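Good morning, and thank you for coming. I would ask you to look at the sequence and the structure for a moment before I begin.

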Amino acid sequence: MKRRPFHTMLFLFVAASMAVVVTTPLPAAAGADVSAVRFWTAPDHTRVVVDLTSEPSYSTRVLTDPDRVVVLVLDGGIGVAQVATPVGDGLVDRVRLNQLQSGTQVVVDLKTASAHSVFALKPYLNKPNRIVIDIFDSERPGAAPAARPEDAEESRPYVVIIDPGHGGEDPGTLGNGELVEKDVVLDISRTFAALLESRGGYDVRLTRDGDYFVRLAKRKEIAGKCKGDIFISIHANSAPNKRADGSEIFYVSPRGASDQAARELADRENAADLVGGVSPDAGVDVLSILVDLKMSDSVQKSSDLAGLVRDELGKAKAGDCAIKQAGFLVLKSLAMPSILVEVGFLTNSSDVKKLKRPAYRQSYAECLAAAVDRYFDRYTPVVVQHGGTHKVALGETLWTIARRYDITIGDLRSMNGLDVSATIQVDQVLTVTRS
Ligand SMILES: [Zn+2]
């Protein structure tokens with residue numbers, strides 16, 4: 001049985017000439033004070049997050065002249081010194097807080113009238129109650145917001161797959177002979193995993209947790225079985241040029257390797273199965289699946305994750321860090337956002353000196369963990385409990401939708417009467433839960 005697409009109510013495309021009022025009823029709670037205002041600029045939207053001291057009752061209005069989205073947090077106060085947050089990213093000018101008798105107004109000043117989505121999130125991990133205001137760039141293709149089931153969101157542990165490269169009979173690179181890749185990467189991976197685990201709210205899986213060989217296909221299988229939200233492969237680099245140093249972060253790109261060195265590195269890391277005693281399997285298959293399923297959503301997220309890691313490494317002054325694109329087998333067929341981090345060159349004496357220090361490896365792992373925190377701040381996975389339908393957004397596939405609602409493609413097809421050859425269209429409404 002198909003359900004009414006209630007989410008059509010959710011998104012408001014602003015008619016420039018008129019003001020529209022939408023009220024979102026939530027359980028009343030006294031005095032949700034604003035404790036912080038944060039924002040992120042994504043290619044197709046800007047996300048404003050308002051931290052609150054308790055669960056809010058709020059209403060949303062859209063006003064024109066100038067265009068703005070106004071969220072009134074009933075009975076709320078302002079617990080921050082700075083009442084105006086400049087944004088200026090071409091979509092949002094700034095976010096202002098006004099104290100009214102009835103509560104706190106959060107005013108998002110827009111550049112022009114834009115589609116928006118406002119929803120509340122309950123506390124999770126170190127995050128308090130929040131109101132999220134997404135402003136979508138209607139100019140750009142794909143900017144139409146993906147539908148969000150209205151009352152259906154609940155946080156769940158974030159599943160992080162950490163993949164220490166090589167192991168056992170495959171040592172990885174031996175560099176200048178002082179450090180062995182498989183040992184360095186296992187140590188950093190374990191510390192990284194422990195850091196995330198200690199925060200709570202993360203479900204962390206290591207693809208190997210000891211000195212043994214795991215073939216590439218097995219690593220991917222582990223990631224898929226655990227339904228990872230993200231996959232981070234940890235390796236160490238080598239180069240004929242002993243002066244090459246610093247970190248390199250790779251993600252898979254539909255365009256292929258970004259330079260010759262990246263291509264050669266991919267060849268070298270891909271040879272792990274040969275070294276480990278398994279013939280490389282199904283490379284071509286893997287590629288076609290990749291292009292079909294992974295590209296739309298995951299590439300952007302992988303690229304963002306890479307950027308966050310570089311940013312954290314930069315803050316920790318962990319040396320140069322380049323982001324590159326290449327075709328690593330271990331990343332290729334993964335349907336989740338994934339990166340491969342080369343933590344340094346074992347052929348470079350200064351990198352080796354750093355990586356030999358436990359304190360450096362610890363701080364490297366801390367950078368990775370901080371980047372993962374920020375990633376999930378940006379891309380909070382949600383569990384859909386009562387959602388009944390999903391409106392197809394640009395770039396989505398049956399596969400990404402099925403994964404989002406934790407159902408199989410077969411289920412999705414049968415619930416919607418789609419045969420194997422059926423295609424889906426943008427804005428098509430699909431049933432996503434069994435009735
Ligand atoms: Zn490696």
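I shall begin with the chain as a whole, then turn to its helices, and end with several individual residues.

Please keep in mind throughout that this is a predicted model. The chain has 435 residues, and 52% of them are buried. Its secondary structure consists of 10 helices and 20 strands. About 19100 Å² of the chain is exposed, and carbon and sulfur atoms supply 52% of that area. As for contacts with a separation of 6 or more, 74% of them are between residues 24 or more positions apart.

Let me now take helix 2, which covers residues 216-225. Which of its residues are buried? They are L216, R219, K220, I222 and A223. Seen down the axis of helix 2, these residues fall within an arc of 155°, so they line one face of the helix.

Before helix 2, in the loop that connects it with strand 13 (202-206), lies D211. This residue is partly exposed, at a relative accessible area of 45%. Setting aside residues up to four places away in sequence, D211 touches G167, G168, K182 and L186. D211 and E169 are 42 residues apart in sequence, while their C-alpha atoms are 8.6 Å apart in space.

After helix 2 comes K227, placed in the loop that leads to strand 14 (230-237). Its relative accessibility is 48%, and K227 therefore counts as partly exposed. The phi of K227 is positive, near 50°, in a residue other than glycine. As background, most residues other than glycine have a negative phi, and most peptide bonds are trans.

A positive phi is also found at D75, with a value of about 60°, although D75 is not a glycine. D75 lies in the loop between strand 5 and strand 6 (84-86). Is this residue buried or exposed? D75 is exposed, with a relative accessible area of 54%.

The loop between strand 4 (58-63) and strand 5 (68-74) holds P66. Here the feature to note is the peptide bond from D65 to P66, which is cis, with omega near -5°.

I turn next to helix 7 (residues 349-356) and helix 8 (residues 358-378). Two packed helices are described by the angle between their axes and the distance between the axes. For helix 7 and helix 8, the axes come within 5 Å and cross at roughly 85°. An angle from 65 to 115 degrees counts as roughly perpendicular, and helix 7 and helix 8 are therefore roughly perpendicular to each other. Which residues meet there? From helix 7 they are K354, L355 and K356, and from helix 8 they are P358, Y360 and R361. By type, the residues of this contact divide into 3 nonpolar and 3 charged, with no polar ones.

Helix 7 also has a buried side, formed by D351, V352 and L355. These residues cover an arc of only 100° around the axis, which puts them on the same side of helix 7. What do they pack against? Their partners are helix 1 (181-199), strand 17 (338-345) and helix 8. On the face of helix 7 turned away from the buried side, we find the exposed residues S349 and K353. L355 thus appears twice in this account: L355 is one of the buried residues of helix 7, and L355 is among the residues that meet helix 8.

Two further residues complete the tour. The first topic is I401, in helix 9 (residues 398-404). I401 is buried, and its relative accessible area is 0%. Apart from neighbours within four places in sequence, the contacts of I401 are H390, V392, E396, L412, I424, L430 and V432. For L412, which is 11 residues away along the chain, the C-alpha separation from I401 is 8.4 Å.

The other topic is R156, in the loop between strand 11 (153-154) and strand 12 (158-164). R156 is partly exposed, with a relative accessible area of 24%. From C-alpha to C-alpha, R156 and G201 are 7.3 Å apart, although 45 residues apart in sequence.

To close, I return to the example of long-range proximity around D211: that residue touches G167 and G168, among others. Thank you for your attention.

Conventions
Residues are numbered from 1 along each chain as its sequence is written. This is a predicted model: local features need pLDDT of at least 70, side-chain atom pairs count only at pLDDT 80 or more; totals for chains, interfaces and linings use all residues. Side-chain values use heavy atoms; hydrogens and water are left out. Helices (H or I, at least four residues) and strands (E, at least two) are DSSP runs, numbered from the N terminus. Buried means under 20% relative accessible area, exposed over 50%, partly exposed in between (1.4 Å probe, protein chains only). Contact means heavy atoms within 4.5 Å. Accessible areas come from the Shrake-Rupley method with a 1.4 Å probe; for residues, only the protein chains shown count as cover. The arc is that of the directions from the helix axis to the C-beta atoms. Axes are lines fitted to C-alpha atoms, for helices over the stretch in contact, and angles run from 0 to 180 degrees between N-to-C directions. Angles under 35 degrees count as roughly parallel, over 145 as roughly antiparallel, 65 to 115 as roughly perpendicular and the rest as oblique. Ala, Val, Leu, Ile, Met, Phe, Trp, Tyr, Cys and Pro count as nonpolar, Asp, Glu, Lys and Arg as charged, and the others, Gly among them, as polar.
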